[in-house]
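Visitor: I would like a close look at one part of this model, with the side chains in view. Could you start from a single contact and then lead me outward from there?

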Amino acid sequence: MEEKQMKQEKEYDVVILGAGPAGMSASIYASRYGLKTIVIGREIGGMANYAHKIENYPGYEGSGTELMKKFHKQATGFGAEFLNDDLIDIRKEKGFEVITSRKERIRTKTVIIALGTSKRKLNVKGEDEFLGKGVSYCATCDGNFFRNKSVAVIGGGDAACKASELLSNLAKKVYMLTRENDTCEAVISRELKEKKNFELLCHATPIEIKGKEFVEEIVVEVGKGEKGIPKLKGLKVDGVFIEIGSLPVSDICKILGIKRDKEGYISADSENFATNVSGIFAAGDVVKSKLKQVVIAAAQGARAAKSAYDFISKR
């Protein structure tokens, strides 16, 4: 990319990558500390938008989307700026230089990485073909399109259970397909099993998603027959919701040699959330944590912002 094609360089104290709970919390704290702050993110709210109901964030009960709107309003109120864009490059030059897909050039003293996670894919035939045509990774976003229809939810954890619970209030029939036994929270599992339109199929492995223009069927392996030949079962469904976990969005770390663990999560110390690269901090789901919740991400974002402030103050 030629320099003359770039826009005029802007300067900030802190650039926050990611506009989810961690990134927006960091922006609130950083701007209150008097740091010139900008948040770069494609989607305000991030994965929190997929939570149709949050009831364990202190002082709040409602949708994830509405909570994220409150975060955003508070951050902008303190002076934080938001840029709806994607990061394509980052260089360590007299601090850091960030370059976005729209050719914005931003120089900053510190960086907070709060890019979160992305949905894990099944990688089965038909998944990509029917994306947006019956295949979805967000029951909260797309559930209303399947009122009085039949759907399958893939996954055995809390996310799959919560998606099944939401869909059971909308759809005619909900199949929940798990490779293992039911592993979601006992209270959610009990509520689901009491619903007449819900059916749990354990030890069911998705093989293919089929249809013409839209999803019409999902083929699953339900065991082995004679000579180890797979037993297949076709379920007539209009939608397939994939809830099998997430992957950290941390590929940008390769550019500056930021350390990650074998799963791709950023290695940051638990006190300051500092990475191995001086001036770069990380917070939220992109950092390894046993409990991934909005309140945890927000707390980490606040701590990372304080660390960025301390880093700048000492210099």
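Visitor: Over the ring of which residue does the charged end of R32 sit, and how far is it from the ring centre?

Guide: Happy to. Please keep in mind that this is a predicted model. The residue you are after is F78: the charged end of R32 sits over its ring, at 5.5 Å from the centre. A second contact of this kind involves K36, whose charged end sits over the ring of Y12, 4.8 Å from the centre of that ring.

Y33 is a good place to go next. Y33 forms an aromatic pair with Y309, and this pair is stacked, with 4.8 Å from centre to centre and 20° between the planes. The angle counts as stacked because it is under 30 degrees. Y33 lies in the loop between α1 and β2 (37-40), while Y309 belongs to helix α7, so the pair links parts of the chain that are 276 residues apart. Y33 is partly exposed, with a relative accessibility of 31%, and Y309 is partly exposed too, with a relative accessible area of 29%. The structure has four aromatic pairs by the rule used here.

Helices α1 and α7 come up again at the second largest pocket. This pocket has a volume of about 200 Å³. Its lining consists of S25, I28, Y29, Y57, L67, K70, F71, Q74, A298, A299 and A302. The elements that give two or more residues to this lining are α1 (21-32), α2 (64-77) and α7 (294-314). Among them, α2 gives the most, with four residues. Sorted by class, the lining has eight nonpolar, two polar and one charged residues.

Now let us move along the chain to the cysteines. A search of the whole structure finds one disulfide. A disulfide is a covalent bond between the sulfur atoms of two cysteines. Here the partners are C138 and C141, with their sulfur atoms 2.2 Å apart. The link of C138 and C141 is right-handed, with 70° about the S-S bond. The partners can be told apart by accessibility: C138 is buried at 6%, whereas C141 is partly exposed at 41%. For two other cysteines, C202 is partly exposed at 30% relative accessibility and C253 is buried at 1%.

From C141 you can carry on into the loop between α3 (139-142) and β11 (150-154), where N148 is found. N148 has a positive phi of about 60°, although it is not a glycine. Most residues other than glycine have a negative phi. N148 counts as exposed because its relative accessibility, 62%, is over 50%. F145 is found in the loop between α3 and β11 as well. F145 is exposed, with a relative accessible area of 59%. From F145 to S168 there are 23 residues in sequence and 13 Å in space, C-alpha to C-alpha.

F273 makes a useful contrast. F273 also has a positive phi without being a glycine, about 55° in this case, and it is found in the loop between α6 (253-256) and β19 (280-282). However, F273 is buried, with a relative accessible area of 10%.

On the other side of α6, S250 has its place in the loop between β18 (246-248) and α6. S250 is buried, with a relative accessible area of 1%. Its C-alpha is 9.4 Å from that of V287, although S250 and V287 are 37 residues apart in sequence.

One last stop is E93, in the loop between β6 (87-91) and β7 (96-100). E93 counts as partly exposed at 37% relative accessibility. E93 and R107 are separated by 14 residues in sequence and by 8.6 Å in space, C-alpha to C-alpha.

To return to your contact, look once more at R32 over the ring of F78, then at the stacked rings of Y33 and Y309, and finally at the pocket lining to which α1, α2 and α7 each give two or more residues.

Note on methods:
Residues are numbered from 1 along each chain as its sequence is written. This is a predicted model: local features need pLDDT of at least 70, side-chain atom pairs count only at pLDDT 80 or more; totals for chains, interfaces and linings use all residues. Side-chain values use heavy atoms; hydrogens and water are left out. On a 1 Å grid over the protein atoms alone, a cavity is a set of points where a 1.4 Å probe fits but cannot get out, and a pocket is an open set with protein on both sides within 12 Å along at least five of seven lines; lining residues have an atom within 4 Å of a point. Grid points are joined across faces, edges and corners, and a volume is the space filled by probe spheres set on the points. Ala, Val, Leu, Ile, Met, Phe, Trp, Tyr, Cys and Pro count as nonpolar, Asp, Glu, Lys and Arg as charged, and the others, Gly among them, as polar. Rings of Phe, Tyr and Trp (its six-membered ring) pair if their centres lie within 6.5 Å; planes under 30 degrees apart count as stacked, over 60 as edge-to-face and the rest as tilted. Buried means under 20% relative accessible area, exposed over 50%, partly exposed in between (1.4 Å probe, protein chains only). A charge sits over a ring if NZ of Lys or CZ of Arg is within 6 Å of the ring centre and within 35 degrees of the ring normal. A disulfide is a pair of cysteine sulfur atoms within 2.5 Å.
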